[in-house]
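The following exercises ask you to work from a structure to a description of its helix packing and its charged contacts. Each task is followed by a solution that proceeds step by step.

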Amino acid sequence: MATTVYETYEIELQDGTKVTLKPLSIKKLREFMTHIAKLDGSLSEDQAVDVLIDAATVGLKASAPDLVQDRDKLEDALDMPTITKIIEVCGGIKLDDPNLLTAALLAGQTSI
């Protein structure tokens, strides 16, 4: 009997669509990371949200292929807590991790 080494999560989007999330394969993770790498602090809030939606789209392609084809419907189905969960489960990045936030703040400081 095979053992699954990852967990799956079923979540409901704002429009009632139920999707199952699981970690991305390496191939899909590479695509996901090209979007996440754009979050370098130089983006406006609106641009950063677009990047997060793009990253979440990679995570949703397998479980909601029809939804990701229509950006307007996708944006109506998502909210920030849901995007955060999709990125956490599919990409392994915990955006609301206090240690991550502290590290990001410290990285922006200059030493004298």
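**Exercise 1.** In this predicted model, determine which residues of helix α1 meet which residues of helix α2, and classify the contact by residue type and by the relative direction of the helices.

*Solution.* Step 1: on the side of α1 the contact is made by K28, E31, F32, H35 and I36, and these meet V51, D54, A55 and V58 on the side of α2.

Step 2: sorted by type, the residues of this contact comprise five nonpolar, three charged and one polar.

Step 3: for the geometry, take α1 as residues 26-36 and α2 as residues 45-60; their axes lie 8 Å apart and enclose an angle of about 175°. Angles over 145 degrees count as roughly antiparallel, and α1 and α2 are therefore roughly antiparallel to each other.

**Exercise 2.** Find the salt bridge that K61 forms, and state where its two partners lie and whether they are buried or exposed.

*Solution.* Step 1: a side-chain nitrogen of Lys or Arg must come within 4 Å of a carboxyl oxygen of Asp or Glu, and by this rule the count comes to five salt bridges.

Step 2: K61 pairs with E31, with the closest N and O atoms 2.7 Å apart. This pair links distant parts of the chain, since K61 belongs to the loop between α2 and α3 (65-68) while E31 belongs to helix α1, 30 residues apart.

Step 3: partly exposed covers the range between 20% and 50% relative accessible area, so that K61, at 37%, counts as partly exposed, and E31, at 31%, is likewise partly exposed.

**Exercise 3.** Identify the salt bridges that R71 forms with D50 and D54, and describe the network to which these residues belong.

*Solution.* Step 1: the side chains of R71 and D50 meet in a salt bridge with an N to O distance of 3.5 Å. Because R71 lies in helix α4 (residues 71-77) and D50 in helix α2, the pair ties together parts that are 21 residues apart in sequence.

Step 2: R71 also forms a salt bridge with D54, where the closest N and O atoms are 2.6 Å apart; here again R71 lies in helix α4 and its partner D54 in helix α2, so the pair ties together parts that are 17 residues apart in sequence.

Step 3: salt bridges with shared partners join D50, D54, R71 and E75 into one network.

Step 4: as to accessibility, R71 is partly exposed at 31%, D50 is partly exposed at 31%, and D54 counts as partly exposed at 23%.

Conventions
Residues numbered from 1 in each chain as written. Predicted model: local features only at pLDDT ≥ 70, side-chain atom pairs only at ≥ 80, totals over all residues. Heavy atoms only, no water. Axes fitted to C-alpha atoms, helices over the stretch in contact; angles between N-to-C directions. Helix = DSSP H or I, 4+ residues; strand = E, 2+ residues; numbered from the N terminus. Parallel < 35°, antiparallel > 145°, perpendicular 65-115°, else oblique. Contact = heavy atoms within 4.5 Å. Nonpolar A, V, L, I, M, F, W, Y, C, P; charged D, E, K, R; others polar. Buried < 20%, exposed > 50% of the residue type's maximum accessible area, 1.4 Å probe, protein only.
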